[in-house]
Amino acid sequence: MVNRLQDRGWVQRTADPNDGRAVLVSLTVAGADALGALRAEYRAMLQQEMALLDDGQVDTLAGAVQILDQLIERLGRRGA
C-alpha cells in the first residue's frame, strides 16, 4: 500500500533516526492536495445525502452528534 502511495508521489519515506530498522512515512504536498480533494468530494456527497433526510432524521442525527461530542470530550479528559 505504501509503495503505491509513494509511486503516486503522495508519501515519502525517510530513515527513522531512532531505529535503523524502521522508516518514517510522511505526506507530501501532492499527497495533502489529493487528500484535500478527496475530503471535499466526500463532504459534497454527504451534503447531498443529508439534504434528503426528513426532519425527524435530522433531529436524530443531531442528538447522535451531541452524544459523540460528549464521548470525545470524556476520552480527551481521560488522556490528559
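**A short tour, starting at Gly9**

Leaving aside neighbours within four places in sequence, Gly9 is in contact with Thr28, Ala30 and Gly31. I'm starting there, everyone, and I should say right away that what you see is a predicted model. Gly9 is found in the loop that runs between α1, residues 2–7, and β1. With a relative accessibility of 29%, Gly9 counts as partly exposed.

Let's follow one of those contacts. Where is Thr28 placed? Thr28 is in the loop between β2 and α2. If we again skip residues up to four places away in sequence, Thr28 touches Gly9, Trp10, Val11 and Gln12. Is Thr28 buried or exposed? Thr28 counts as buried, because its relative accessibility is 17%, and the cut-off for buried is under 20%.

Now please step back one residue, to Leu27. Leu27 lies in strand β2, which covers residues 23–27. At 49% relative accessibility, Leu27 counts as partly exposed; exposed would need over 50%. Leu27 also belongs to a nonpolar patch on the surface, together with Leu35, Leu38, Tyr42 and Met45. Together these residues have about 460 Å² of accessible area. Which element gives the patch its largest share? That is helix α2, residues 29–50, which supplies four residues.

One of the patch members, Leu38, takes us back to our starting point for a moment. Gly9 and Leu38 are 29 residues apart along the chain, and their C-alpha atoms are separated by 16 Å.

While we are on helix α2, have a look at Glu49, which lies there too. Glu49 is exposed, with a relative accessible area of 51%. From Glu49 to Val65 there are 16 residues in sequence, and 17 Å in space from C-alpha to C-alpha.

Next, the charged pairs. How many salt bridges are there? The count comes to two. In one of them, the side chains of Asp19 and Arg21 meet, at 3.1 Å from N to O. Asp19 is partly exposed, with 23% relative accessible area, whereas Arg21, at 78%, counts as exposed.

In the other salt bridge, the side chains of Arg77 and Glu73 meet at 2.9 Å, N to O. Why are these two about one helical turn apart? Because Arg77 and Glu73 are four residues apart in helix α3, which covers residues 55–79. Arg77 counts as exposed, at 51% relative accessibility.

I've kept Asp16 for last. Asp16 lies in the loop between β1, residues 11–15, and β2. Asp16 is buried, yet it has no salt bridge. Which side chain of opposite charge is nearest to Asp16? That is Arg21, 8.6 Å away. A salt bridge needs a nitrogen within 4 Å of a carboxyl oxygen, so that distance does not qualify. We have already met Arg21 in its salt bridge with Asp19.

So what does the side chain of Asp16 reach? The backbone nitrogen of Asn18, at 2.8 Å. Asp16 also touches Ala22, Val23 and Leu24, not counting residues up to four places away in sequence.

To recap the route: we went from Gly9 and its contact with Thr28, to the nonpolar patch that includes Leu27, then to the two salt bridges, and finally to Asp16, buried without a salt bridge. Thanks for listening!

Conventions
Residues numbered from 1 in each chain as written. Predicted model: local features only at pLDDT ≥ 70, side-chain atom pairs only at ≥ 80, totals over all residues. Heavy atoms only, no water. Patch = residues over 30% accessible without salt bridge, like charges linked within 9 Å, V, L, I, M, F, W, Y side chains within 5 Å. Areas by Shrake-Rupley, 256 points an atom, 1.4 Å probe, with all protein chains shown as cover. Buried < 20%, exposed > 50% of the residue type's maximum accessible area, 1.4 Å probe, protein only. Lys, Arg positive; Asp, Glu negative; His and termini not counted. Polar contact = N/O pair within 3.5 Å; in protein donor to acceptor, adjacent residues only side chain to side chain. Contact = heavy atoms within 4.5 Å.
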